[in-house]
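Reader: I am a first-year student and would be grateful for a close look at a single part of this molecule. Please set that part in the context of the whole chain.

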Amino acid sequence: MSYPKLSDEEITRRGKELYENSIRAQVETPENIGKIISINVETGEYEIGDDLVVTSMRLRAKQADAALWAERIGFNAVYAVGGTLFRTA
């Protein structure tokens, strides 16, 4: 297994920045709310789907050592463990 070249903090920073500045306006549509988006923070490529593993694997098929960030479109987290997801869009 290969590992990304970036720190966890840098992946988080880049992922959030890409989503907010370049991707959000394109993907936050009624049909995508609640779906998962995985983003390659080095290239800006992304995949949308219902499953985190599937969207991540699609990106890793293109670049095995991709540094990935994931969001649940329109919500504050990908998953809620012992809590509640809050709608943001």
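Author: Of the 89 residues in the protein chain, 30% are buried, where buried means under 20% relative accessible area, exposed over 50% and partly exposed in between, with a 1.4 Å probe and protein chains only. The model is predicted, so local features need pLDDT of at least 70 and side-chain atom pairs count only at pLDDT 80 or more, while totals for chains, interfaces and linings use all residues. Residues are numbered from 1 along each chain as its sequence is written, and side-chain values use heavy atoms, with hydrogens and water left out.

The chain has two helices and three strands, in the order α-β-β-α-β from the N terminus. Helices (H or I, at least four residues) and strands (E, at least two) are DSSP runs, numbered from the N terminus.

The part chosen here is helix 2, residues 52-62, in which Thr55, Ser56 and Leu59 are buried. Seen down the axis of helix 2, the buried residues fall within an arc of 95°, so they line one face; the arc is that of the directions from the helix axis to the C-beta atoms. An α-helix has 3.6 residues a turn, so residues three or four places apart point the same way.

The buried residues of helix 2 pack against strand 1 (36-40), strand 2 (46-49) and strand 3 (68-72), contact meaning heavy atoms within 4.5 Å. On the face turned away from the buried side, helix 2 carries the exposed residues Val53, Met57 and Ala61. At the start of helix 2, a side-chain oxygen of Asp51 comes to within 2.8 Å of the backbone nitrogen of Val53.

Conventions
A polar contact is a pair of N or O atoms within 3.5 Å; within protein, one must be able to donate a hydrogen and the other to accept it, and residues adjacent in sequence count only if both atoms are side-chain atoms.
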